[in-house]
Amino acid sequence: MINKYSNVPLYSQLKNIIIEKIESGEYPPDTKIPSEQDFCELYNISRPTVRQAISELTNNGYLYKEKGKGT
């Protein structure tokens, strides 16, 4: 869960949650993760926060985006 009162930035907390779900097999390779909007609603955080987390995970090779298909 995301702790809004933590010193750790929200995007970093979300990144760690997504990485845990990838490593645990909850998000298997080559499957879509939830949409930005889904993450916003699920964790009650803003879209720019979600975008930053997804962008960093994409840059680090955990995720990839396909035009018209999602992340």
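This is a short tour of the chain, from the overall fold to a few side chains worth selecting.

Keep in mind that you have a predicted model open: local features need pLDDT of at least 70, side-chain atom pairs count only at pLDDT 80 or more, and totals for chains, interfaces and linings use all residues. Residues are numbered from 1 along each chain as its sequence is written, and side-chain values use heavy atoms, with hydrogens and water left out.

**Whole chain**

Start with the cartoon view. The chain has three helices and zero strands, where helices (H or I, at least four residues) and strands (E, at least two) are DSSP runs numbered from the N terminus. From the N terminus on, the order is α-α-α. The radius of gyration is 12 Å, close to the 11 Å from the globule rule for 71 residues, so the chain is as compact as a globular protein of that length. That radius is taken over C-alpha atoms, and the rule is 2.2 Å times the number of residues to the power 0.38.

Now colour by accessibility: 31% of the 71 residues count as buried. Buried means under 20% relative accessible area, exposed over 50%, and partly exposed in between (1.4 Å probe, protein chains only).

**Helix α3**

Next, select residues 47–59, which form helix α3. Its 13 residues should span 18 Å at 1.5 Å a residue, and the end C-alpha atoms are indeed 18 Å apart; the expected span is 1.5 Å times one less than the number of residues.

Which residues of α3 are buried? Show Thr 49, Val 50, Ala 53, Ile 54 and Leu 57 as sticks. Look down the axis: these buried residues fall within an arc of 125 degrees, so they line one face of the helix. The arc is that of the directions from the helix axis to the C-beta atoms. Add α1 (10–24) and α2 to the view, since the buried residues of α3 pack against both; contact here means heavy atoms within 4.5 Å.

Turn to the face away from the buried side to find the exposed residues Pro 48 and Asn 59. Then step on to Gly 61, which follows α3 and has a positive phi, near 90 degrees.

**An aromatic pair**

Finally, a search of the whole structure finds one aromatic pair. Select Phe 39 and Tyr 43: their ring centres are 6.3 Å apart and their planes at 15 degrees, so the pair is stacked. Rings of Phe, Tyr and Trp (its six-membered ring) pair if their centres lie within 6.5 Å; planes under 30 degrees apart count as stacked, over 60 as edge-to-face and the rest as tilted. Being four residues apart in helix α2 (residues 36–43), Phe 39 and Tyr 43 are separated by about one helical turn. Both Phe 39 and Tyr 43 are buried.
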